[in-house]
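Visitor: Please take a close look at a single part of this model and describe how its pieces fit together. A plain account will do.

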Amino acid sequence: MKHTLFFFVLTFATLTLSAQRQTFQWQGVQREYIVRTPASHTAVEPIPVLFFLHGLGDNITRCDSEYNFQQLAERFGWLIVVPQARPSDMGGGNMWNANMTLQMGGQTVTPNASVDDAGFLMALLDSLTERYNINRDSVFFTGFSMGGFMSHRMAIEHGDAITACAPVSGMITLPLAGQTPVAPVRLLHIHGTADNVVGYDGHSSAFGGPMQLGISVDSTISYWRIHNGCNPVPEIDTLPDTRNDGLRFVRHSYSGGQADVQHLEVIGGSHTWYANTSRYDVDYIAYIHDFFISGQPSGVGIANPAAAALRVWPNPAADYVNVEVSQASRIVLQDCMGLTILSRDIAPGTTRLNLQQLPNGLYLLHFLDGPAQKLVINHGLNR
């Protein structure tokens with residue numbers, strides 16, 4: 001579903017609030033947020049946490065209703081926290097203080113400059129850690145539009161407390177571009193090339209004229225690549241294009257540093273959070289989740305129930321693939337939208353999986369709740 005949530009107030013029906021809506025006092029103000037916990041959570045085992053930061057003019061009630069965070073909490077086995085920004089002092093609805101500077105009437109203004117949102121989010125994390133036994137090695141942030149800008153700020157200023165971050169359609173603001181991150185952070189940046197609200201060049205053309213909101217996508221990726229010490233040349237691959245959605249999803253992966261950086265370039269993509277429907281090749285939240293849990297031997301803080309290595313060959317595969325584990329394990333095969341294709345217990349040793357009924361494309365093969373490996377299926381290899 002499409003949203004243009006950056007500089008306008010959404011009109012929405014009043015929804016019944018769930019018992020999960022809570023308040024937290026910060027700077028003398030009762031700040032609101034929603035917490036979604038999986039039914040299986042007992043607070044005995046530490047749990048990963050995902051913060052979702054909404055766009056300008058949006059609110060947590062609408063987000064919780066549309067994205068069904070309770071279902072996602074059950075699916076991922078994570079705590080999901082949806083905090084609400086304060087109303088903008090410039091009008092236009094709720095707005096995060098992402099340290100954005102705007103040129104208006106010949107003056108430079110910073111919306112909500114007096115609101116310490118970064119401090120609020122860290123204080124909220126500390127408070128929730130005590131109540132829910134959060135795994136502080138598995139703290140993740142994502143956000144859309146203004147929430148994407150705020151996610152970059154959290155990664156820059158509090159990366160020592162954040163495991164990975166995934167801003168969507170939101171840049172690094174001009175003041176933040178001059179700061180050095182406090183620590184390397186695994187980062188995924190998602191952006192549509194046809195976004196006119198937060199343009200690829202950092203400008204917006206949606207409000208009657210060009211307005212610079214932050215640095216460009218290229219500069220944003222360079223910022224994180226340089227500070228994380230990654231290789232300057234990315235590995236580039238295009239995700240399978242199986243739906244007639246008018247989009248192409250191209251992944252730019254920068255490795256070799258202290259924390260990897262990835263840019264998902266959405267060719268033809270607008271200012272939109274592409275959700276889990278049959279219309280799109282990629283579901284953002286599933287893709288972000290897979291990025292968060294992949295790429296690190298420890299699963300970036302998520303317990304791997306099968307500590308032994310997972311060996312997969314051949315890759316690319318045609319009709320069959322061999323999976324080798326050293327102990328009894330449950331493996332999961334998912335498509336690029338995060339949908340589970342296969343979930344199976346396998347014995348120690350080598351197991352051969354039949355892929356003949358699966359279409360060509362990119363898949364993820366991993367232990368249950370463990371780090372994922374890419375698996376490419378190409379039946380043409382046997383021809």
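Guide: Axes here are lines fitted to C-alpha atoms, for helices over the stretch in contact, and the angles between N-to-C directions run from 0 to 180 degrees. The model is predicted. In it, the axes of helix α3 (residues 117-132) and helix α4 (residues 146-158) come within 10 Å and cross at roughly 75 degrees. Angles of 65 to 115 degrees count as roughly perpendicular, and α3 and α4 are therefore roughly perpendicular to each other. On the α3 side, the contact is made by Asp117, Ala118, Leu121 and Met122; α4 contributes Met150, Met154, Glu157 and His158. Sorted by class, this contact has five nonpolar, one polar and two charged residues.

Helix α3 also supplies a link to another region: Phe120 is one of the residues in contact with Gln84. Gln84 sits in the loop between β4 (79-83) and β5 (102-104) and, at 11% relative accessibility, counts as buried. Other contacts of Gln84 include Arg21, Arg31, Glu32 and Trp96. The Gln84 side chain also reaches the backbone nitrogen of Ile60 at 2.9 Å.

Ile60 belongs to helix α1 (residues 60-67), which has six of its eight residues buried and so is largely enclosed by the rest of the structure. Besides Ile60, the buried residues of α1 are Thr61, Arg62, Cys63, Asp64 and Tyr67. Their cover includes β1 (21-26), β2 (29-36), β3 (47-53), α2 (69-76) and β4. At the N-terminal end of α1, Asn59 acts as a cap, with a side-chain oxygen 3.1 Å from the backbone nitrogen of Thr61. Just after α1, Asn68 has a positive phi of about 55 degrees.

Key
Residues numbered from 1 in each chain as written. Predicted model: local features only at pLDDT ≥ 70, side-chain atom pairs only at ≥ 80, totals over all residues. Heavy atoms only, no water. Helix = DSSP H or I, 4+ residues; strand = E, 2+ residues; numbered from the N terminus. Parallel < 35°, antiparallel > 145°, perpendicular 65-115°, else oblique. Contact = heavy atoms within 4.5 Å. Nonpolar A, V, L, I, M, F, W, Y, C, P; charged D, E, K, R; others polar. Buried < 20%, exposed > 50% of the residue type's maximum accessible area, 1.4 Å probe, protein only. Polar contact = N/O pair within 3.5 Å; in protein donor to acceptor, adjacent residues only side chain to side chain. Lists of a residue's contacts leave out its neighbours within four places in sequence.
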